Amino acid sequence: VVAVLLAEVPRSTVASPALLTSREPVRCLDDLARLPWLALNSFYRNEVVLTHAERGEQGRFDITPRLSTDSLYAVRKAALEGLGVAIVSSWLVRDDVADGALQTVLPAWRAAPLPIYLLYPYASYYPARLRKFMEMMKEVMPRILRAAAGGGLTPFSAGLFCRRCGRGNARESCDRAAAALTAPHRGSRRQFCDPKSSRHRR
């Protein structure tokens, strides 16, 4: 198997202003460890590891999360409701932080970014379509992350996900992604899906 690193997704430690104002000020890792936590159990469960951006010092502490889930969107919603601190992909909460709905906690202490790999089986020959796809992914993924970090395109503003429910608009995502990547960002696109659609029905 061949593994090619395409990009790294930065992560942020966030909490709601309501939660933070109800507790003692967070000035160090010990203060952070005392807050209630939410666990995204695909990446962290009962221990948090953070690294200081300038000193390179690593700190770790145990947590007993109020909520443990593998859903990135469930963790975001719980953080917005003030249930605890969470470590999530920065692009997901960029708008929430900008709007003041969430705050970054101890921004100098950061979780390790999540690598994005392109995996494919080794072969002596690859079809032209596969080679083209691999070239496109190597070019596109860093652009998406740079745009998200710089205040441009996000999966919400591109219309790939609904801001209300966090679910993907699978039927439309391919066309929207292509349009978003080939044209300059022109402001807000449709960021909510139709609540009457089948994706909202249980």
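**Exercise 1. Decide whether serine 90 is buried or exposed, and list what touches it.**

Step 1. Serine 90 has a relative accessible area of 18%, and buried means under 20%, so serine 90 counts as buried. Keep in mind that you're looking at a predicted model.

Step 2. Now place serine 90 in the fold: it belongs to helix 4.

Step 3. Leave out residues up to four places away in sequence, and serine 90 touches Pro10, Arg11 and Ser12.

**Exercise 2. Do the same job for serine 89: which element holds it, and what does it touch?**

Step 1. Serine 89 sits in strand 7, which covers residues 86-89.

Step 2. Its relative accessible area is 8%, so serine 89 is buried, given that the cut-off is under 20%.

Step 3. Again skipping residues up to four places away in sequence, you'll find serine 89 touching Val9, Pro10, Arg11, Leu72 and Leu114.

**Exercise 3. Describe the second largest pocket: its volume, its lining and the elements that build it.**

Step 1. Start with the volume, which is about 250 Å³.

Step 2. Next, the lining: 16 residues line this second largest pocket, and Arg11, Ser12, Ser90, Thr104 and Arg110 lie nearest its centre. You've already met Ser90, the buried residue of Exercise 1.

Step 3. Strand 2 (11-15), helix 4 (90-99) and strand 9 (109-110) are the elements that each give two or more residues to the lining.

Step 4. Sort the lining of the second largest pocket by class and you get nine nonpolar, four polar and three charged residues.

**Exercise 4. Work out which residues of helix 4 are buried, then look at leucine 92 in detail.**

Step 1. The buried residues of helix 4 are Ser90, Trp91, Leu92, Val93, Asp95 and Asp96.

Step 2. Leucine 92 has a relative accessible area of 0%, so it easily passes as buried under the 20% cut-off.

Step 3. Try a distance: leucine 92 and tyrosine 73 are 19 residues apart along the chain, and their C-alpha atoms are separated by 8.4 Å.

Step 4. Walk off the end of helix 4 and you reach glycine 100, with a positive phi near 85°.

**Exercise 5. Find the buried residues of helix 3 and say which elements they pack against.**

Step 1. Helix 3 spans residues 72-80, and its buried residues are Leu72, Tyr73, Val75, Arg76, Ala78 and Ala79.

Step 2. These buried residues pack against strand 3 (38-40), strand 6 (67-69), strand 7 and helix 4. Two of those names should ring a bell: strand 7 holds serine 89, and helix 4 holds leucine 92.

Step 3. What follows helix 3? It's glycine 82, whose phi is positive, near 85°.

**Exercise 6. Give the strand order of the open sheet that contains strand 4, and explain why strands 5 and 9 each have one side without a neighbour.**

Step 1. Three strands make up this open sheet, in the order 5-4-9, with antiparallel pairing.

Step 2. Strand 5 (58-62) and strand 9 are at the edges, and each has a single partner strand, so one side of each has no neighbour in the sheet.

Step 3. Check the pairing of strand 4 with strand 5: five bridges join these antiparallel strands. For example, valine 49 has arginine 60 of strand 5 as its bridge partner.

Step 4. Strands 4 and 5 form a hairpin with five residues between them, and glycine 56 in the turn has a positive phi of about 75°.

Step 5. Now the other partner: two bridges join strand 4 (residues 47-52) to strand 9, antiparallel again. Here threonine 51 has arginine 110 of strand 9 as its bridge partner.

**Exercise 7. Say which side chains of strand 5 are buried and which are not.**

Step 1. Recall the rule: in a regular strand, side chains alternate between the two faces of the sheet.

Step 2. Apply it to strand 5: Gly59 and Phe61 point to one face and are buried, while Gln58, Arg60 and Asp62 point to the other and are not.

**Exercise 8. Sum up the whole protein in a few numbers.**

Step 1. Count elements: there are six helices and 10 strands.

Step 2. Of the 202 residues, 41% count as buried.

Step 3. The protein exposes about 12100 Å², with carbon and sulfur atoms supplying 53% of that.

Methods
Residues numbered from 1 in each chain as written. Predicted model: local features only at pLDDT ≥ 70, side-chain atom pairs only at ≥ 80, totals over all residues. Heavy atoms only, no water. Helix = DSSP H or I, 4+ residues; strand = E, 2+ residues; numbered from the N terminus. Buried < 20%, exposed > 50% of the residue type's maximum accessible area, 1.4 Å probe, protein only. Contact = heavy atoms within 4.5 Å. 1 Å grid on protein atoms, 1.4 Å probe; cavity = no way out; pocket = protein on both sides within 12 Å on 5 of 7 lines; lining within 4 Å. Points joined across faces, edges and corners; volume = space filled by probe spheres on them. Nonpolar A, V, L, I, M, F, W, Y, C, P; charged D, E, K, R; others polar. Areas by Shrake-Rupley, 256 points an atom, 1.4 Å probe, with all protein chains shown as cover. Pairing = 2+ DSSP bridges.
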